[in-house]
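Biologist: Gels I can read, but a model on a screen is another matter. Please walk me through the features, starting with the basic vocabulary.

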Amino acid sequence: MKRYMKLDTDIFYELRTYRRSRCIRISIRPQGVLVTAPQWISQKEIKRFVESRSEWIAQHAFKIQEPQRSSRELESLRERTRDRVWDMLERVNAVYRHDFQRVFIRDTISRWGSCSESGNLNFSARAGLLPEHLLEYLIAHELSHLKEMNHSERFWALVSRAVPDYRKRRRELRAWKEN
């Protein structure tokens with residue numbers, strides 16, 4: 001469920017509640033502040049939690065600025081990403097031989113990629129800007145989710161089949177910024 005809320009400190013945030021969430025989480029995104037929470041937590045408790053972190057929110061909300069791209073630039077980036085992802089999928093999936101349904105390139109900011117339970121692979125258009133070795137890690141990560149929909153030891157063992165130094169690349173991807 002999606003709601004828009006306002007704190008006493010004039011900070012607006014979007015609230016989304018999910019049945020499977022386990023904790024309250026605050027994300028600062030270019031579109032604004034997003035708060036996700038389990039459905040079982042009361043609105044009053046969520047508001048109290050967010051208000052207790054209002055100073056942190058105010059400090060960080062102004063630091064993020066999304067690079068503005070025209071629709072032409074975005075479409076060009078999506079095409080480039082689609083080509084790079086398909087090339088890398090063929091190479092990395094030669095190790096796994098997993099079946100997947102469809103591949104989507106989306107204009108997402110909060111995630112590099114995801115895998116649905118129905119076998120669809122989703123990648124951020126920004127993935128096309130990644131260096132080759134980080135894109136390889138990202139592809140191996142999402143392909144591994146086709147067999148393990150979690151981050152268990154078995155999942156990481158699958159990732160390491162295609163990318164033995166996945167720990168190093170994972171850290172590098174988390175720190176990567178567009179130049």
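Modeller: Helices (H or I, at least four residues) and strands (E, at least two) are DSSP runs, numbered from the N terminus. This is a predicted model, so local features need pLDDT of at least 70 and side-chain atom pairs pLDDT 80 or more, while totals for chains, interfaces and linings use all residues. Residues count from 1 along each chain as its sequence is written, and side-chain values use heavy atoms, without hydrogens or water.

Biologist: Pockets, then. Which strand gives the largest share of the lining of the second largest pocket?

Modeller: A pocket, on a 1 Å grid over the protein atoms alone, is an open set of points where a 1.4 Å probe fits, with protein on both sides within 12 Å along at least five of seven lines; lining residues have an atom within 4 Å of a point. Here, the strand you want is β7, with three residues in the lining of the second largest pocket. Both β6 (113-115) and β7 (121-124) supply at least two residues each to that lining.

Biologist: How many residues line the second largest pocket, and which lie nearest its centre?

Modeller: There are 14 lining residues in the second largest pocket, and Asp107, Thr108, Ile109, Ser110 and Arg111 are the ones nearest the centre. Try picking those five on the screen to get your bearings.

Biologist: Next, the backbone. Which residue other than glycine has a positive phi?

Modeller: Have a look at arginine 97, whose phi is near 60°. Arginine 97 belongs to the loop that runs between α3 (71-96) and β5 (103-106).

Biologist: Is arginine 97 buried or exposed?

Modeller: For that we use relative accessible area: under 20% is buried, over 50% exposed, and anything in between partly exposed (1.4 Å probe, protein chains only). Arginine 97 comes out at 66%, so it is exposed.

Biologist: Now the rings. How many aromatic pairs are there?

Modeller: Rings of Phe, Tyr and Trp (its six-membered ring) pair if their centres lie within 6.5 Å; planes under 30 degrees apart are stacked, over 60 edge-to-face, and the rest tilted. The count here is three aromatic pairs. Tryptophan 86 and phenylalanine 100 make a tilted pair, with 6.0 Å from centre to centre and 45° between the planes. That pair links distant parts of the chain, since tryptophan 86 is in helix α3 while phenylalanine 100 is in the loop between α3 and β5, 14 residues apart. Tryptophan 86 has 36% relative accessibility, so the label is partly exposed.

Biologist: And why is the pair of tryptophan 156 and tyrosine 166 called stacked?

Modeller: Its ring planes are at 10° and the centres 5.0 Å apart, so stacked is the right label. Tryptophan 156 sits in helix α5 (residues 153-162) and tyrosine 166 in helix α6 (residues 166-175), so the pair ties together parts ten residues apart in sequence. Tryptophan 156 is at 13% relative accessibility and therefore buried; tyrosine 166, at 8%, is buried as well. Phe155 joins Trp156 and Tyr166 in one aromatic cluster.

Biologist: On to charges. How many salt bridges are there?

Modeller: A salt bridge needs a side-chain nitrogen of Lys or Arg within 4 Å of a carboxyl oxygen of Asp or Glu. By that rule you get six. In one of them, arginine 84 meets glutamate 132 at 3.2 Å, N to O. Arginine 84 lies in helix α3 and glutamate 132 in helix α4 (residues 132-145), so the contact ties together parts 48 residues apart in sequence. Arginine 84 has a relative accessible area of 17%, so it is buried, whereas glutamate 132, at 40%, is partly exposed.

Biologist: What does arginine 169 do with glutamate 136?

Modeller: Their side chains form a salt bridge at 2.6 Å, N to O. It links distant parts of the chain, with arginine 169 in helix α6, glutamate 136 in helix α4, and the two positions 33 residues apart. Arginine 169 is buried at 12%, while glutamate 136 is partly exposed at 24%. Arginine 169 also bridges to aspartate 165, where the closest N and O atoms are 2.8 Å apart. Aspartate 165 is partly exposed, at 31% relative accessibility.

Biologist: Which residues do shared partners join into one network?

Modeller: Arg84, Arg91 and Glu132 make up that network of salt bridges.
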